[in-house]
Amino acid sequence: VGGGGGGEPAPAGGEGGGGSPAPLDLGPAERLWWPLLESLAEAVGTHPKPAVRAAALSALFGCADVELAPGGALHSPLGVRAFGELVLPIFAAAPSESGPPLTAHQAAWVDETGVPALSALERSFCAQHGLLAPLCEDVIALLARCLQQPHHATLSQVAAESLLQLVRETGATFSQETWARVCAELKSCFDASAGEAYDGAPPPAADGVAASPLLREVSAKVEAEAPEGSGPHELQVLLLSTVYQLLQSMYPSMKLADVEGLLNCMHAMYDKASRTLQAALDGEAAPPPAELGEAVHLRLEAMSYYLQVLFSLHDKLEPAAQAGTPKRGAPPPPLGSAGHVQLIAAAAEYRLVSFCLHVLRDYLRLRERSVGGADGAARELCATALAEMTPNVVTLLQGLLAFSGPQFGKHLPAFYPLLADLIHCESPQIAAVLRELFAQRVAPHLQAEAS
């Protein structure tokens, strides 16, 4: 299994290679390193005795750790070529997703040598990633191949841990393309159907609005106090703002039904405006420009207010809150009590997660249509809607970033496929928050799960 090359440095570009650099002018001291490293790599990959392989592995990466560092003999293009042409090819015959099952001999090599060698390779690369950056794509490809193969569970687990550690240590230097590849590879760590639990329709808005005396009172007050000459759009925006302020400041003293009714009102405004925009995009309707502009504006305002208030309510949720939710038939906690606040927060959780997933899916659909899936006018409308949605998507991602550990782990499987697709977007603001999210929350969570 595996094995290094032979003789003088060969042109890079094979398994583990990183292009075809110009031939190196090696001095006498440098010429001593190549056959030494080559012999160690070959022993790691092919020697029949486990003890010899272990000693060669220790010597190989001991040399790498010392000599690849600044001031070392391999802190040069020679070290990059040696890592790419001698170290990476040790795993040339490592199991792959489409490969045959391992023989007993191959399985023994993976157990005794391959697993510790993969961990050592990741540590060595991360320690000198500035020098070895040209090989980043090759290292990621190797870790991904070992992660996805189904023939050796321990190798897959170590590959996942190594890939996540690489993200944490070197992710700040990744290009957009590298981030996209890493995110795509990590999709295999999640159940693709996790988001289906939140695909149900939101609470019916019309019934909620009609059944809420508090909302009828608020609507009447807004209409009575609105500036003279306010039209329907201005009244809706004013009502939306008023409902948002009430929910932010008065929710502890409100009945759960009243909170739900006000939330339904906000969602109903968003839903109605979204339907107008969607009909225009699909060519099913051609509203006047002024009406379409008002719908786009109301949609963004409702999305923003709804996200903010749901995140605010959800932030009040304590880890054991759901366990303490009153049983059916039991009297509700007193208004204003800690138990009542937890009841509201727990009720907001499903709304928040399902709406966030909806917003991300909607953003990705609009992006796909703006790239080439719509005609000229619809494409332009998609591009405008995307640009105006971006601040709300940034707010959403920042809200996920602030989730508590248990809540983040609970909902990450549903969010991850969408986050991985979102890494392809062109917005630098979204890309910046996504990188922070992956490095600070996703990678540590997966690493903890793997171990």
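Which residues are buried in helix 6? Hold that thought while we get our bearings.

**The whole chain**

This is a predicted model, where local features need pLDDT of at least 70, side-chain atom pairs count only at pLDDT 80 or more, and totals for chains, interfaces and linings use all residues. Residues are numbered from 1 along each chain as its sequence is written, and side-chain values use heavy atoms, with hydrogens and water left out.

Start with a cartoon view: you should find 17 helices and zero strands. Helices (H or I, at least four residues) and strands (E, at least two) are DSSP runs, numbered from the N terminus. Of the 451 residues in the chain, 49% are buried; that word means under 20% relative accessible area, with exposed being over 50% and partly exposed in between (1.4 Å probe, protein chains only). Switch on the surface, and about 20,600 Å² of it is accessible, 57% belonging to carbon and sulfur atoms. Those areas come from the Shrake-Rupley method with a 1.4 Å probe, and for residues only the protein chains shown count as cover. Contact here means heavy atoms within 4.5 Å. Among contacts with a separation of 6 or more, 78% join residues 24 or more positions apart.

**Stop 1: helix 6 and its partner**

Select residues 136–148, which form helix 6. Back to the opening question: C136, V139, I140, L142, L143, A144, C146 and L147 are buried. Show helix 4 (104–127), helix 5 (129–132), helix 7 (153–170) and helix 8 as well, and you have what those buried residues pack against.

Now check the length. The 13 residues of helix 6 should span 18 Å at 1.5 Å a residue, and the end C-alpha atoms are indeed 18 Å apart; the expected span is 1.5 Å times one less than the number of residues.

Keep helix 8 (residues 176–186) on screen: helix 6 packs on it at an angle of about 5°, with the axes 10 Å apart. That makes the pair roughly parallel, a label for angles under 35 degrees (over 145 is roughly antiparallel, 65 to 115 roughly perpendicular, the rest oblique). The axes are lines fitted to C-alpha atoms, for helices over the stretch in contact, and angles run from 0 to 180 degrees between N-to-C directions.

For sticks, pick C136, E137, I140, A141, A144, L147 and Q148 on helix 6, then T178, R181, V182 and E185 on helix 8; these make the contact. They divide into six nonpolar, two polar and three charged.

**Stop 2: helix 12**

Jump to residues 256–282, helix 12. Its 27 residues should span 39 Å, and the end C-alpha atoms sit 38 Å apart, which agrees. Just past the end, click G283, which takes a positive phi of about 75°.

**Stop 3: L310**

In helix 13 (residues 289–314), select L310. L310 is buried, at 0% relative accessible area. Beyond residues up to four places away in sequence, L310 touches L263, A348, R351 and L352. Draw a distance from L310 to L352: they are 42 residues apart along the chain, yet their C-alpha atoms are separated by 5.6 Å.

**Stop 4: two glutamates**

Go to E388 in helix 15 (residues 376–401). E388 is partly exposed, at 38% relative accessible area. Leaving aside neighbours within four places in sequence, E388 is in contact with V296 and L300. E388 and L300 are 88 residues apart in sequence and 7.5 Å apart C-alpha to C-alpha.

Finish on E223, in helix 10 (residues 213–225). At 58% relative accessibility, E223 counts as exposed. From E223 to L235 is 12 residues in sequence and 6.8 Å in space, C-alpha to C-alpha.

Methods. Ala, Val, Leu, Ile, Met, Phe, Trp, Tyr, Cys and Pro count as nonpolar, Asp, Glu, Lys and Arg as charged, and the others, Gly among them, as polar.
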